[in-house]
Amino acid sequence: MNQETAQSLNKVFPYLIGIIVLFTCCNGGNKKTPEHLKDLSSTTIKANDVIPFFEHWNLILGDGTNAGPAVDFENKDFFYTSTDENGNWVVFKSPNAGNTHGTSNNTRTELAQLKKWTPMTSAKMNATLKVMNVSTTGDARVASTHSVVVGQIHSADGHENEPLKIFYKKFPGHTKGSVFWNYEINTAGEDNSQRWDYSYPIWGYDFSVVGSDENTFPPEPEDGIALGEEFSYSVEIKEGMMHLTFTSDGHETKTFAKNLIVSDYAKRSNIPEQVKTLFVPIGQDGIERQNAYQGEGLFFKLGTYNQTNGKDPKVNKVWCSGAETHGGDLQKQYADGNYAEVWFKSANITIPDDAISNAGYFEANDGLSAKTVYPSEVIPFMNKFKILLGNGIKEENLVGYEHKDFFYTVIDGTRRWVVYKTPNSGITSKNSSNTRTELHEKREWTPEEGGKLTGTCKVMQVSVSGDARVAASYSTVVGQIHSGEGHENEPIKIFYKKFPGQTKGSVFWNYEINTAGDDNSGRWDFSTAVWGNDMSVIGKDKEDYPAEPTDGIELGEEFSYEINVYMGIMYLTFESEGHETKTFTKNLLISEYVSPSDIPDQVKRLFVPIGQNGTERAKAYGGELGYFKQGAYNQTNGKSPDTNRVWCAGAETYGGDITKQYENGCYTEVWFREATVGPGVPNK
């Protein structure tokens, strides 16, 4: 070949590349690509030259951007082309942390179809790909850690759930990973927080196979897929049925069928054992509507949907990985393997003739991750409360209000929560040594008039520093009744307490006497255990902790309480999945503690030695106005235990520096997903 001919061929090569790739299988796909073709691809090949179907999709990038149809588009951080000995590929790359799309915890560089269709029409998606990287960090006990979704069907309507997600997952140190697919139920009713996935293994394990601890992995799957190993999937929807085919050289071809319009999970008895093991312990135990996804608009997605994130596993032990994110620094994540990367060689879709615009999905989800959702949008009773924050700020109007350091909302992978957070040392109310981010009911009522408060919460953090001999150390109050008259004492405080190094903590409630006479210095609390220990169980020295309670509640574990005061009687109910429901009754109009001989032994051990040995007025809290409080009332403070061996915790406070306290675990944090307030009702 002479020089002139070679130059002519080089000029037309850019126009021939797409044609060459489309016919790879006929042109010797395993032949080594010439060096001049590699150079050319790095500068001129666009994704649509490799896979010419991008006009049918919007592209969501790993920084949350909707880039629109990716025709003649590339982004060197997330979406570009690459070439190896097998030809040209489209690369989808996404970090463990960045901005995301919609309400997800996870970043993605992923195509989302511009049109939607129903399960009764015909739609098809095929792809050939290889996974090049999954996150090297994360908690092995979390099912989603070290995994990526490479294709899915997403609903554009209703709960926007996903009848199909195709996963690849590989544990660090293993050569082979697993490919599996998940079906997410279309949850019956309006509450989607109880949704769950059922997982089917293709090659290797299903989703439910996890590590025994943070860094201990299950055995490597014998029939797994290695990083860089090609596999293909075909998804076909026809007359309400989903047909799946998975192929890979050297592996058995696998096929599956799933009905998308008649549910297998419409009764609680239908919940599979896999789901009972993986999802039910975290409160995700819903049932599916009988007609599953019938009538909903569905659409395909394809690319890299990274399932590993930096959220704390105690938030959600299925979806929150606790992986390294370098504070969201993209290049640092890429530098040390904290990302997912998938290469696609070919892909196509068949769009039904009756498909309609999917614009509504994008309008609802574009920029949603950056949108502020206020606590009043999650728990709508905020108009009935005011708040005191951990820095002393008071706010009367909580509708459309948040504070990013103390009072805001988060998503844990399934539902949105209101967060109450407060340090060991800050600015608090006039009668307390302890900081709080706590609601204060605006209405006041007497025990005779009554009131009712409910809350479903999980404690995410209690102070890691304190003195084990001090009863209040390592604890927080998550709900109470406070008197607004007289001594302004508290007929109930609901506590959570966990000693450092232990997995399970205790839930208990205290009754504080309404002290007889004008001197309130002799007041004391009597503590009743709900799960675990009561308040009086303490250590023998500063760092000597009592035995961990066998029936306790972990950080991040949900529990619910109800305080119902009706005609002067306080009825308490405590519930938590996997724990015995507990109920208690306390008369707020007639005291049990009117003489010194009535003082309980618990109080004699805990309070009498520090001079708190008072008695209660005969009518207790009768006739006194009071109000509910809810949130995070931190019971751990920096005051010397020599001052008071019950309430002064001697904890680290960093001189009141809130940022340093947050960085070092010297704070409390409580999440609520549901709460109500109203009048008292007759006890059931």
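Contact here means heavy atoms within 4.5 Å. We're working on a predicted model, where local features need pLDDT of at least 70, side-chain atom pairs count only at pLDDT 80 or more, and totals for chains, interfaces and linings use all residues. Residues are numbered from 1 along each chain as its sequence is written, and side-chain values use heavy atoms, with hydrogens and water left out.

**Exercise 1.** Work out where threonine 145 sits and what is in contact with it.

*Solution.* Start with the location: threonine 145 is in the loop linking strand S6 (123-133) and strand S7 (147-155); strands are DSSP E runs of at least two residues, numbered from the N terminus. Next, accessibility: threonine 145 has 1%, so it counts as buried (under 20% relative accessible area, 1.4 Å probe, protein chains only). Finally, skip neighbours within four places in sequence, and the contacts of threonine 145 are Thr137, Gly138, Asp139, Lys169, Thr308 and Ser321.

**Exercise 2.** Lay out the open sheet of 7 strands and find its edges.

*Solution.* First, the order is S20-S21-S33-S23-S29-S30-S31, with antiparallel pairing (at least two DSSP bridges between two strands). Strand S20 (407-411) and strand S31 (582-587) each have a single partner strand, so they are the edges. Now zoom in: S23 (451-461) and S29 (559-566) are joined by 7 bridges, and threonine 454 stands opposite glutamate 562 in S29.

**Exercise 3.** Describe the largest nonpolar core.

*Solution.* A core is a set of buried Ala, Val, Leu, Ile, Met, Phe, Trp, Tyr and Cys residues joined through side-chain atoms within 4.5 Å. This one holds 74 residues, and Val150, Trp181, Tyr233, Val235, Leu302 and Phe344 touch the most other members. Strand S16 (residues 339-350) gives the most, 6 residues.

Conventions. Helices (H or I, at least four residues) and strands (E, at least two) are DSSP runs, numbered from the N terminus. Buried means under 20% relative accessible area, exposed over 50%, partly exposed in between (1.4 Å probe, protein chains only).
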